[in-house]
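User: I am new to reading protein models and would like a close look at one part of this one. Please take the nonpolar core, and then place it in the rest of the chain.

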Amino acid sequence: MVTEFQEHKLKIFFCLFDSDNDGKIEVNDFKKVVDKFVHLKGINKETPEYFNLYNLYLDFWENTLKYADIDDDDKIRYDDFLSYWFDLLKFPQEIEKLILDFGKAFMSIILFDEEENLFSFDNYKIFLTGFGREIVDIENHYRKLLNKEGKITIDDAQQLAIEFFLSNDKTALGNLWFGPLDTGDCIGNK
Ligand SMILES: [Ca+2]
Ligand SMILES: [Ca+2]
């Protein structure tokens with residue numbers, strides 16, 4: 001069963017993609033997110049990185065559309081998005097696979113100019129800013145997510161993201177992966 005706490009997190013996740021905050025996700029919302037990452041990362045639109053990023057997002061979009069666009073209007077309303085994720089959450093292994101696959105490809109773009117497999121502060125900042133999250137003390141927020149060695153590795157990042165979706169423990173660190181939970185709700189503000 002999906003708890004109220006998980007639902008709150010899904011709302012924040014939905015809002016990462018609903019760039020114009022109208023309660024529906026459309027392909028243009030998706031494209032805006034891609035453009036923002038491209039801009040922040042300084043990716044040239046003629047390069048394979050751009051092509052990869054773009055296709056990654058479109059695949060994710062089309063897959064979500066296939067299952068969540070109940071009325072076939074090429075838009076995903078918040079309620080339909082939520083039902084889709086409620087179903088997904090019945091299969092934690094599927095969620096893990098989704099995050100590992102998507103996360104791996106996504107992070108290879110966010111981190112494409114890095115020598116080490118670390119999620120540095122600069123990259124984390126790009127990650128949240130690209131999703132339109134404006135966080136007051138983002139550096140302090142980043143610090144909360146560091147491992148014992150004071151880093152975030154790719155594996156840490158994957159685990160934090162999985163925890164974000166699956167954990168019901170309010171103290172779990174992964175809850176904070178997409179930014180603070182007391183902000184970022186675009187539905188409740190309407
Ligand atoms: Ca929208
Ligand atoms: Ca729809």
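Analyst: What follows starts with the whole chain, moves to the core, and ends with some residues outside the helices.

The model is predicted, and every value below is computed from it. The protein has eight helices and two strands. Read along the sequence, these elements come in the order α-β-α-α-β-α-α-α-α-α. The radius of gyration is 16 Å, close to the 16 Å that the globule rule gives for 190 residues, so the protein is as compact as a globular protein of that length. Along its principal axes, the C-alpha trace spans about 45 × 45 × 30 Å. Of the 190 residues, 24% are buried. If we take the contacts between residues at least 6 apart in sequence, 58% of them join residues at least 24 apart.

Now the core. The largest nonpolar core holds 35 residues. Within this core, the residues that touch the most other members are Phe30, Val34, Leu53, Phe81, Ala161 and Phe164. Which helices supply at least two residues each? They are helix 1 (4-17), helix 2 (27-41), helix 3 (48-68), helix 4 (78-88), helix 5 (92-110), helix 6 (121-130) and helix 8 (154-166).

Two of these core residues can be followed to their contacts. Val34 touches Leu53, Tyr54 and Tyr57, when residues up to four places away in sequence are not counted. Phe164 is found in helix 8. Phe164 counts as buried because it has 23 C-beta neighbours inside 10 Å, and the cut-off for a buried residue is 20 or more. With neighbours within four places in sequence left aside, Phe164 is in contact with Lys9, Gly174, Asn175, Trp177 and Phe178. Phe164 and Phe178 are 14 residues apart along the chain, and their C-alpha atoms are separated by 8.1 Å.

Helix 3 and helix 4 both supply residues to the core, and they also pack against each other, with their axes 9 Å apart and an angle of about 95° between them. The two helices are therefore roughly perpendicular to each other. At this contact, Thr64, Tyr67 and Ala68 of helix 3 meet Asp80, Phe81 and Tyr84 of helix 4. By class, the contact has four nonpolar, one polar and one charged residues. Phe81 is also one of the core residues listed above.

Outside the helices, three residues are worth a look. Ala172 is in the segment after helix 8. Ala172 counts as partly exposed because it has 14 C-beta neighbours inside 10 Å. Apart from neighbours within four places in sequence, Ala172 is in contact with Glu163 and Ser167. The C-alpha atoms of Ala172 and Ile25 are separated by 28 Å, and the two residues are 147 residues apart along the chain.

The other two residues concern the backbone angle phi. Most residues other than glycine have a negative phi. Asn21 has a phi near 50°, which is positive, and lies in the loop between helix 1 and strand 1 (24-25). Asn21 counts as partly exposed because it has 13 C-beta neighbours inside 10 Å. Asp74 has a positive phi too, near 65°, and its place is in the loop between helix 3 and strand 2 (76-77). Asp74 counts as exposed because it has 10 C-beta neighbours inside 10 Å.

Methods:
Residues are numbered from 1 along each chain as its sequence is written. Chains are lettered from A and ligands numbered from 1 in the order in which they are written. This is a predicted model: local features need pLDDT of at least 70, side-chain atom pairs count only at pLDDT 80 or more; totals for chains, interfaces and linings use all residues. A nonpolar core is a set of buried Ala, Val, Leu, Ile, Met, Phe, Trp, Tyr and Cys residues joined through C-beta atoms within 7 Å. A residue is buried if 20 or more other C-beta atoms lie within 10 Å of its own, exposed if 12 or fewer, and partly exposed in between; C-beta atoms are placed from the backbone. Helices (H or I, at least four residues) and strands (E, at least two) are DSSP runs, numbered from the N terminus. Two residues are in contact if their C-beta atoms, placed from the backbone, lie within 7 Å. The radius of gyration is taken over C-alpha atoms; the globule rule is 2.2 Å times the number of residues to the power 0.38. Axes are lines fitted to C-alpha atoms, for helices over the stretch in contact, and angles run from 0 to 180 degrees between N-to-C directions. Angles under 35 degrees count as roughly parallel, over 145 as roughly antiparallel, 65 to 115 as roughly perpendicular and the rest as oblique. Ala, Val, Leu, Ile, Met, Phe, Trp, Tyr, Cys and Pro count as nonpolar, Asp, Glu, Lys and Arg as charged, and the others, Gly among them, as polar.
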